[in-house]
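Subject: Structure handover

Hello,

Here is the structure I said I would pass on. My notes on what was found in it follow below.

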Amino acid sequence: MKYRVAVVDDHLLIAKAISGIIDGFKGFEVIYEAPNGKVLQDLIQAHHQQPDIVLLDISMPVMDGFATADWLKAEHPQILIMALSVQDDDDSLVKMIRAGARGYLHKNVHPGELEAALTSLVTKGLYYPDWATSRVFSVLANPASNTGNNHFSITEREKEFLAYACTELTY
């Protein structure tokens with residue numbers, strides 16, 4: 001049995017190269033190449049053939065990796081998502097995990113690691129290299145450093161003050 005893979009990347013040469021590498025792995029075959037998430041949606045709906053794994057770039061036009069992962073998680077939760085990107089910042093990593101990615105790789109990985117990641121994805125359900133795991137735990141251990149994810153509560157009196165402060169009234 002071969003696991004079906006979709007490669008979603010807006011760079012045609014990169015997508016073709018990744019597809020060629022994956023087609024050389026025993027037990028895997030690329031069934032779709034798409035330049036963005038919208039095209040992947042169309043392919044899945046038109047052909048009624050779902051991939052087992054989606055290798056997903058993050059930065060793409062029309063429908064980026066975050067939106068595509070959200071859609072896959074909602075509509076096809078059985079499809080395993082592996083982010084494959086040049087982005088290695090903490091926010092992108094955590095956001096992709098929250099969107100449903102079960103793995104995260106840099107595009108500069110050795111083909112052997114890509115094969116190991118795909119194999120781990122189908123056998124264990126996830127694959128995160130050491131650098132990704134340590135970053136996630138670092139973010140969890142130090143939530144104050146999370147930009148954009150700070151949650152705090154304010155009192156009604158503080159809300160009233162902020163409402164006045166945002167007006168053009170003098171103090």
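**Sheet and helices**

Helix α3 lies across β3 and β4, and its direction makes about 165° with that of β3. Please keep in mind throughout that this is a predicted model.

The sheet under that helix is an open one of 5 strands, in the order β2-β1-β3-β4-β5, and the pairing is parallel. At the edges stand β2 and β5; each has a single partner strand, so one side of each is left without a neighbour in the sheet. On average, neighbouring strands are turned by 25° against each other, direction ignored. Helix α1 also packs on the sheet, where α1 touches β1 (3-8), β2, β3 and β4. The direction of α1 makes about 165° with that of β2.

**Strands β4 and β5**

Strand β4 covers residues 80-85 and runs parallel to β5, to which 5 bridges join it. Two of the bridge partners can be named here: A83 is paired with Y104 of β5, and L84 is paired with L105 of β5. Together with helix α4 (residues 90-99), the strands β4 and β5 make a right-handed β-α-β unit.

Although β5 is an edge strand of the sheet, 5 of its 6 residues are buried, so β5 is largely enclosed by the rest of the structure.

Strand β4 also contains S85. Is S85 buried or exposed? S85 has a relative accessibility of 1% and therefore counts as buried, the limit for that being under 20%. Leaving aside neighbours within four places in sequence, the contacts of S85 are D57, I58, Y104, L105, H106 and K107. Two of these residues, D57 and K107, come up again among the salt bridges, where their side chains meet.

**Nonpolar cores**

The largest nonpolar core has 26 residues. Those with the most contacts inside this core are V8, L40, I44, V54, L56, L72 and M96. Helix α3 (residues 65-75) gives the largest share of the core, namely 4 residues. A second core, separate from that one, has 19 residues, including A15, L55, M82 and A117. In soluble globular proteins, nonpolar side chains tend to be buried together.

What does V54 touch, if residues up to four places away in sequence are not counted? The list for V54 is A6, V8, L40, L72, I79, L80, I81 and M82. Of these, V8, L40 and L72 are also among the residues with the most contacts inside the largest core, while M82 is one of the residues of the second core.

**Salt bridges**

The count of salt bridges comes to 5. Three of the pairs are described here, starting with E33 and K16, whose closest N and O atoms are 3.2 Å apart. E33 is in strand β2 (residues 28-34) and K16 is in helix α1 (residues 12-23), so this pair ties together parts that are 17 residues apart in sequence. E33 is partly exposed, with a relative accessible area of 28%, and K16 is partly exposed at 47%.

K38 forms a salt bridge with D42, and here the closest N and O atoms are 3.0 Å apart. K38 and D42 both belong to helix α2 (residues 37-47) and are 4 residues apart, about one turn of the helix. K38 counts as partly exposed at 35% relative accessibility, and D42 is partly exposed with a relative accessible area of 36%.

The side chains of D57 and K107 meet in a salt bridge at 3.5 Å, N to O. D57 lies in the loop between β3 (53-56) and α3, and K107 lies in the loop between β5 (101-106) and α5 (111-124), so the pair ties together parts that are 50 residues apart in sequence. D57 is buried, with a relative accessible area of 5%, whereas K107 counts as partly exposed at 25%. Through salt bridges that share partners, D9, D57 and K107 are joined into one network.

Regards

Conventions:
Residues numbered from 1 in each chain as written. Predicted model: local features only at pLDDT ≥ 70, side-chain atom pairs only at ≥ 80, totals over all residues. Heavy atoms only, no water. Core = buried A, V, L, I, M, F, W, Y, C linked by side-chain atoms within 4.5 Å. Buried < 20%, exposed > 50% of the residue type's maximum accessible area, 1.4 Å probe, protein only. Contact = heavy atoms within 4.5 Å. Salt bridge = Lys/Arg side-chain N within 4 Å of Asp/Glu carboxyl O. Pairing = 2+ DSSP bridges. Axes fitted to C-alpha atoms, helices over the stretch in contact; angles between N-to-C directions. Right-handed = clockwise from strand over helix to strand, strands pointing away.
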